[in-house]
Amino acid sequence: MDYIFHFGDVFRYSGELIDGTLTTLRLALWAMVLGLTVATGNAMVRTLRIPVVDMTIAVYVEVIRNTPLLVQAYLIFFGLPALGIRMNSETAAVVALVLNVGAYSTEILRAGVEAVPSGQVEAGSALGLRPGLIFRKIILPQALKIVFPALGSQFIMILLATSLMSAISTPELTSITNSIQSQTFRSFEAYVVSAIIYLALTIFFFGVFEFVARNFLGSTLINRMEVR
Amino acid sequence: MIPRIGMLLMLGFALAFLPAGSPVRAQSIDDIVAKNKIVVGVINDLPPFGFVNKSGELDGYEAAVARLMAKHLGVVVELVAVSGPNRIPYLLSGKIDAVVATLAVTPARAKQVMYSIAYGDQEISLYASKSTKIDTPDDVRGLKIAVTRGNVEEQLVKTKLPSAQALLFDDDASTHQALLSHQADAVLTNAVTFRTLTKGAAADFERKLVLNRDIQGIAVRRGSFDLLQWINTFVAAAKLNGELDALHRQYFAAPLPPDLPTF
């Protein structure tokens, strides 16, 4: 192989790479926290069974799930200003990511909520618990435990999807890597380093989710057959 | 956590990519004539340098220069759309034989590619809305300036306008869209493109500062001395007999600048 590797050219930009990684982490954390909030809120509101609200949530989920995240980001960053709503690139990125992961998480959580045995809910109301308390104490914990693996995968996907936000000039890791590549022309080295950083980030989050699953939900991320 | 076999498979998969990328040789004229085709990378979103016309074909001054080059070489031309960040990687990885894509001549790039003598030029200027006051480079403090990655503007905004905040986009269309949607306060781009792209909306914007003049050269892979010499001959001849001037007038409504350097 003739190619001579020049990783040093990429490592000279380690400061920018760290900044980019921190921005990626920030975007991912905002997306995960707010996305889970959106999904939980939608699940809670759905138990009230108000037709108009149910319809609105359904429309939101279907529109977001059936359009590409990149197009959503362009619409928010370039399109909304025409309606007078202007936000900087990082805010636009967070909004796009939250809307996106919120929609997918809403569907995932809905499946979890429906999987909680209805006998539990009936028992709760027989004991005189208010609907809000039933949702918080009976439905939600069990639903989360059931769908935690799927939610974890979705969150890791949205972490990787932050790379698309480079298209609306958010200075996250992929954007920084593209700039390094365009200045040093070391495409291979730059993208290898970037891929390794993303891999490290996903392994880190996988570990965090596994820790939460074991210690707070009594389940594991990788479903193992349990002998009862 | 992840089973050991899974980790080994991942590692093996990653390592399998290392030997990928067989060395791409420098080219001679015989190589191109033998395959009867020259693959040229051109920009597709920077009118009138490079754009897609009503029939969906790549068109523009540079596509025309590439076609003229192929005609003189006696081969078929295949135009490939490239962008600021990927035009040199495309060349170095062998996807294209030559770059005729508003590639400004810089010593840094000359370490990676070989440039022909200049066939065109561009003036890099700062554009902003008429109501924004920018008379000197210091007036841009705190403003957001949109630039396209991989262009000379990316470096220019850092060296000449460091007090501004740079918004980097991957293609020229997004960069200009950022100004039109007021996401950016100003845009650093070349004069002709700005006039063309923002025709309708351009009424609200004007040129504030002229930052640099660049010359553009056709780029080939390093070591392709044979091909480079032929391209230099072609450009010199096309300048002398007026073919290049005719193309320039057709796309820019202005004559070819008479002072394009040769080197």
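Start by selecting chain B: nine helices and 10 strands are there, where helices (H or I, at least four residues) and strands (E, at least two) are DSSP runs numbered from the N terminus. This is a predicted model, so local features need pLDDT of at least 70 and side-chain atom pairs count only at pLDDT 80 or more, while totals for chains, interfaces and linings use all residues. To find your way, note that residues are numbered from 1 along each chain as its sequence is written, and that chains are lettered from A and ligands numbered from 1 in the order in which they are written.

Still on chain B, the C-alpha atoms fill a box of roughly 70 × 55 × 35 Å along the principal axes. Of its 263 residues, 46% count as buried, meaning that 20 or more other C-beta atoms, placed from the backbone, lie within 10 Å of the residue's own (12 or fewer is exposed, in between is partly exposed). Take the contacts (C-beta atoms, placed from the backbone, within 7 Å) in chain B between residues at least 6 apart in sequence: 69% of them join residues at least 24 apart.

Now select residues 144-148 of chain B, strand β7. Five of its five residues are buried, so the strand is largely enclosed by the rest of the structure. Flip between its faces: Lys144(B), Ala146(B) and Thr148(B) are buried on one side, Ile145(B) and Val147(B) on the other.

Add β8(B), residues 165-169, which pairs with β7(B) in the parallel sense over five bridges; pairing takes at least two DSSP bridges between the strands. Look for Val147(B) opposite Leu168(B). Between these strands the chain passes through helix α5(B), residues 152-159, in a right-handed β-α-β crossover: with the strands pointing away from you, the path from the first strand over the helix to the second runs clockwise.

Then bring in β9(B), residues 186-190, parallel to β7(B) over two bridges. Here Ala146(B) stands opposite Val187(B).

Next, show both chains. Their contact takes 19 residues from chain A and 21 from chain B. On the chain A side, α4 (69-79), α8 (173-184) and α9 (187-217) each give two or more residues, and α8(A) gives the most, with five. Coloured by type, that side has eight nonpolar (Ala, Val, Leu, Ile, Met, Phe, Trp, Tyr, Cys and Pro), three charged (Asp, Glu, Lys and Arg) and eight polar residues (the others, Gly among them).

Last stop: Thr24(A), in helix α2 (residues 14-46) of chain A. Thr24(A) is buried, because 25 other C-beta atoms lie within 10 Å. Beyond its neighbours within four places in sequence, Thr24(A) is in contact with Thr162(A), Glu172(A) and Leu173(A).

Conventions
Contact = placed C-beta atoms within 7 Å.
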